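Trainee: I would like a close look at a single part of this protein, the second largest pocket. Please take me through what lines it and how the annotated positions relate to it.

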Amino acid sequence: MEFSVKNGSVEKQRTACLVVGVYEPRRLCSAAEQLDKLSNGYISTLLRRGDLEGKAGQTLLLHNVPNVPADRVLLVGCGKERELTERQYKQIIQKTVQTINDTGSMEMVCFLTELHVKGRSPYWNVRFAVETIQETQYAYNDFKSIKPEVRRELRRVIFNVANRKDLADAERALEHGKAVALGVTNAKNVANCPPNVCNPKYLAELAKGLATEYDTISTTIVDEKQMAELGMNAYLAVSRASENEAFLSVIEYKGSPNPDAKPIVLVGKGMTFDSGGLSIKPAEAMDEMKYDMCGAASVYGTMKAIAEMRLPLNVIGLLAGCENAVDGKAYRPGDILTTMSGLTVEVLNTDAEGRLVLCDALTYVERFEPELVIDIATLTGACMIALGNHNSGLMSPSNSLANELLSAAEQADDKAWRLPLGEEYQEQLKSNFADLANIGGRLGGAITAGQFLANFTKKYTWAHLDIAGTAWKSGAAKGATGRPVSLLTQFLINKAHI
């Protein structure tokens with residue numbers, strides 16, 4: 001998809017489709033008003049007849065509008081002018097693209113970026129439009145032998161910016177939006193890939209591919225032999241029953257003008273398939289456990305996005321690739337594992353495996369002396385119960401880091417909600433036989449999982465994102481969402497002050 005921005009008058013646009021907004025009730029936006037005058041009231045006459053009310057998402061496609069050089073004019077309902085939210089705006093853009101795709105138009109000039117979205121600037125209008133269009137056009141057909149028949153699709157989008165002074169911000173929005181959308185798309189592609197293809201080695205190859213693609217990235221792969229030498233026994237215990245070897249992929253992006261700048265570290269849980277181990281999961285919907293590597297997928301997508309933008313930061317992304325399988329070598333409930341940190345963990349449930357992989361990965365990153373560390377994981381079903389599919393769960397002992405992440409989540413419209421940590425939850429992790437148990441009981445399960453990880457993050461500033469409810473959709477819309485690439489990328493954009 002090709003995107004561009006310009007500042008031009010609506011009546012001079014020669015294009016396959018010109019897109020303008022209509023507010024409720026039947027009130028023309030500025031660009032639509034100009035077209036109406038040019039066409040001698042043609043549009044307002046249609047609206048008075050009741051062809052379009054202006055409710056959010058309504059569309060009316062017009063051909064041969066008098067005196068208008070565009071092949072088509074698409075009127076899009078935008079709801080009440082002062083009540084348009086980000087969610088509604090994205091739905092309007094989505095409906096617009098779907099309608100235009102049905103016409104066979106390959107280009108549109110879009111004046112919807114002039115809409116008033118509550119609390120948002122022209123920058124955000126353009127950026128959200130880019131991200132939404134790419135999301136709407138996304139399809140994962142890599143494993144279909146008979147590809148869906150696609151008629152001519154939208155290929156070129158020109159956003160009109162009402163004020164010339166906003167052009168620089170709009171150009172920046174294009175750059176950011178395209179990079180974020182690319183990161184989201186790549187995260188989705190990796191997560192949607194079937195587990196017989198996307199295994200830990202596959203993740204490692206993707207990580208090495210970034211180093212080939214970008215001169216700012218280098219990649220190191222830690223294999224099981226090296227993990228054993230490092231004492232990453234919890235990580236290895238989870239992997240033990242799988243024929244697919246575990247790999248920890250370390251992606252180093254160096255963009256800071258100060259080579260000694262401490263890195264920001266992102267750690268992604270990469271369980272390429274999670275059977276639950278001996279504490280086996282129910283058969284129903286077990287196919288969705290290929291998505292247990294969405295944390296790693298989101299880190300991969302984020303690293304790609306920041307490399308595209310060439311952010312002036314040092315960032316390290318870890319893909320903690322592993323598979324939780326079942327055979328005679330599988331680790332058991334009752335086993336006691338000695339982690340890389342030296343802390344011992346009693347296994348009470350082998351389906352609480354992500355935290356065992358992450359605890360060693362979080363100890364491993366101490367060597368980088370990081371500015372801060374964020375881990376991202378589809379960690380608990382309990383987080384889905386608490387927050388549904390709308391908000392990622394955020395936990396951190398640092399108010400400052402938590403607030404920065406919440407601000408980035410709000411900006412990017414990739415929502416998160418902070419959950420507590422504390423001594424009370426640590427009490428639930430007590431074991432009679434080891435330093436910690438790997439689960440803390442049914443109550444507060446998302447929080448006790450985060451509290452478990454907190455034991456391995458004492459040497460740096462840390463936050464945990466539980467994306468179990470936000471990383472993929474089930475049912476008819478089944479597939480990865482690419483979250484929280486938008487949140488993470490916005491956090492890093494903010495850190496870079498660009």
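Mentor: Helix α11 gives the most to the lining of the second largest pocket, with four residues. The model is a predicted one, and that applies to everything below. Helix α11 runs over 381–387, and it is one of the elements that each supply at least two residues of this lining; the others are β10 (264–274), α10 (354–364) and α14 (445–454).

The space in the second largest pocket comes to about 790 Å³. Its lining consists of 32 residues, and those closest to the centre are Lys281, Asp351, Leu379, Thr380 and Gly381. Sorted by class, the lining has 12 nonpolar, 10 polar and 10 charged residues.

Next, the annotated positions. The unreviewed UniProt entry lists Lys269, Asp274, Asp292 and Glu353 under "binding site". These residues are spread over 85 residues of sequence, but they cluster in space, with a largest C-alpha distance of 11.4 Å. The lining of the second largest pocket includes Lys269, Asp274, Asp292 and Glu353.

A "binding site" annotation in the unreviewed UniProt entry also covers Asp274, Asp351 and Glu353. No two of their C-alpha atoms are more than 8.5 Å apart although they span 80 residues in sequence, so they gather at one spot. Asp274, Asp351 and Glu353 are likewise included in the lining of the second largest pocket. Asp351 is also among the residues closest to the pocket centre.

Take the annotated residues one at a time. Lys269 is in strand β10. Its relative accessibility is 2%, so Lys269 counts as buried, the cut-off for buried being under 20% relative accessible area. The side chain of Lys269 makes a polar contact of 2.9 Å with the side chain of Asp292. Both partners in that contact are listed under "binding site" in the unreviewed UniProt entry, and both are in the pocket lining.

Asp274 also lies in strand β10. Asp274 has a relative accessible area of 2% and is therefore buried. Glu353 is not in a helix or strand but in the loop between β13 (344–346) and α10. With a relative accessible area of 1%, Glu353 is buried as well.

On to α14, another contributor to the lining of this pocket, with at least two residues. Helix α14 is mostly covered, as 10 of its 10 residues are buried. The buried residues of α14 include Gly445, Ala446, Ile447 and Thr448, followed by Ala449 and Gly450, and then Gln451, Phe452, Leu453 and Ala454. Gln451 can serve as an example from helix α14. At 9% relative accessibility, Gln451 falls in the buried class. A polar contact of 3.2 Å links the side chain of Gln451 to that of Gln426.

For contrast, consider a residue in another part of the chain. Pro66 sits in the loop between β4 (59–63) and β5 (72–77). Its relative accessible area is 31%, so Pro66 is partly exposed. Pro66 and Pro312 are 246 residues apart along the chain, and their C-alpha atoms are separated by 51 Å.

Finally, the largest pocket should be kept apart from the one you asked about. About 1400 Å³ of space lies in the largest pocket. Its lining has 41 residues, with Lys90, Glu135, Lys473, Thr481 and Arg483 nearest the centre. By class these are 12 nonpolar, 16 polar and 13 charged residues in the whole lining. Helix α5 (167–192) is one of the elements that each supply at least two residues there, and others include α3 (86–103), α4 (122–137) and α15 (485–496). Helix α5 gives the most to that lining, with six residues. Domain 1 (2–162) and domain 2 (180–496) both give residues to the lining of the largest pocket, so this pocket lies between them.

To return to your request: the second largest pocket has α11 as the element giving the most to its lining, and the annotated Lys269, Asp274, Asp292 and Glu353 are part of that lining.

Notes:
Residues are numbered from 1 along each chain as its sequence is written. This is a predicted model: local features need pLDDT of at least 70, side-chain atom pairs count only at pLDDT 80 or more; totals for chains, interfaces and linings use all residues. Side-chain values use heavy atoms; hydrogens and water are left out. On a 1 Å grid over the protein atoms alone, a cavity is a set of points where a 1.4 Å probe fits but cannot get out, and a pocket is an open set with protein on both sides within 12 Å along at least five of seven lines; lining residues have an atom within 4 Å of a point. Grid points are joined across faces, edges and corners, and a volume is the space filled by probe spheres set on the points. Ala, Val, Leu, Ile, Met, Phe, Trp, Tyr, Cys and Pro count as nonpolar, Asp, Glu, Lys and Arg as charged, and the others, Gly among them, as polar. Domain bounds come from an automatic or database domain assignment. UniProt positions are given in the numbering used here, feature names are shortened, and annotations may be inferred rather than shown by experiment. Buried means under 20% relative accessible area, exposed over 50%, partly exposed in between (1.4 Å probe, protein chains only). A polar contact is a pair of N or O atoms within 3.5 Å; within protein, one must be able to donate a hydrogen and the other to accept it, and residues adjacent in sequence count only if both atoms are side-chain atoms.
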